[in-house]
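Work through the following exercises with the sequence and the model at hand, and try each task before reading its solution.

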Amino acid sequence: MNMSLPFHFKEFSINQDRCAMKIGTDGVLLGAWVSIDQNTNQILDLGAGTGIIALQLAQRNAFADIDAIEIDDAAFEQCTENFENSSWADRLFCYHASAQEFATEVD
């Protein structure tokens, strides 16, 4: 499999050529199986990588705003691009920070 090619899902595609952690079965299954209440209006994805889980949750919940945190420079850039290229770009935001830095910012 050529990892520089986008990974295509039904409603979105993921570029992963700059991320150390590539799309795998575990991330895809977590995004598909996680229980999500349709009344949820805020979701946080820690260590977003490519943004796969956040994108799957945005697809499954039409109202939630989703914040993602990614500390790695290249993965942050790729996650941000993947969010911007999706149909849910207005509800997805990736922070380039550690969890501690993020917690300090939102406190």
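**Exercise 1. The largest pocket**

Which helices and strands each supply at least two residues of the lining of the largest pocket?

Solution. Before starting, note that this is a predicted model, in which local features need pLDDT of at least 70 and side-chain atom pairs count only at pLDDT 80 or more, while totals for chains, interfaces and linings use all residues. Residues are numbered from 1 along each chain as its sequence is written, and side-chain values use heavy atoms, with hydrogens and water left out.

The elements sought are helix H1 (25–33), strand S3 (42–46) and helix H2, where helices (H or I, at least four residues) and strands (E, at least two) are DSSP runs numbered from the N terminus. The largest share of the lining, three residues, comes from H1. The pocket itself holds about 290 Å³ of space. Of the 19 residues that line it, Met-21, Lys-22, Ala-48, Gly-49 and Ile-52 are the closest to its centre. Here a pocket is an open set of points on a 1 Å grid over the protein atoms alone, where a 1.4 Å probe fits, with protein on both sides within 12 Å along at least five of seven lines, and lining residues have an atom within 4 Å of a point. Grid points are joined across faces, edges and corners, and the volume is the space filled by probe spheres set on the points.

**Exercise 2. Helix H2 and the nonpolar core**

Determine how far H2 is covered, and which part it takes in the largest nonpolar core.

Solution. Seven of the nine residues of H2 are buried, that is, under 20% relative accessible area, as opposed to exposed at over 50% and partly exposed in between (1.4 Å probe, protein chains only). The buried residues are Ile-52, Ile-53, Ala-54, Leu-55, Gln-56, Leu-57 and Ala-58, and they pack against strand S2 (13–14), H1, S3, S4, H3 and S5.

Turning to the core, the largest one has 20 residues, with Leu-55, Ile-66, Phe-83 and Leu-92 making the most contacts inside it. H2 (52–60), strand S4 (65–70), helix H3 (73–84) and strand S5 (92–96) each supply at least two of its residues, and the largest share, six residues, comes from H2. A nonpolar core is a set of buried Ala, Val, Leu, Ile, Met, Phe, Trp, Tyr and Cys residues joined through side-chain atoms within 4.5 Å. Leaving aside neighbours within four places in sequence, Ile-66 is in contact (heavy atoms within 4.5 Å) with residues including Ala-54, Leu-57, Ala-58 and Leu-92.

**Exercise 3. The cysteines**

How many disulfides does the rule count?

Solution. The count comes to zero, a disulfide being a pair of cysteine sulfur atoms within 2.5 Å. The sulfur of Cys-19 is too far for a bond, because the closest cysteine sulfur, in Cys-79, is 7.6 Å away. Cys-79 is likewise in no disulfide, with the sulfur of Cys-94 nearest at 3.7 Å. Cys-19 is buried, with a relative accessible area of 3%, and Cys-79 is buried with a value of 0%.

**Exercise 4. Asn-82**

Where is Asn-82 placed, and which residues is it in contact with?

Solution. Asn-82 lies in helix H3 and is buried, with a relative accessible area of 2%. Beyond its neighbours within four places in sequence, Asn-82 is in contact with Ser-13, Ile-14, Asn-15, Thr-50 and Leu-55. A polar atom of the Asn-82 side chain lies 2.9 Å from the backbone nitrogen of Asn-15.

Technical notes
Polar contact = N/O pair within 3.5 Å; in protein donor to acceptor, adjacent residues only side chain to side chain.
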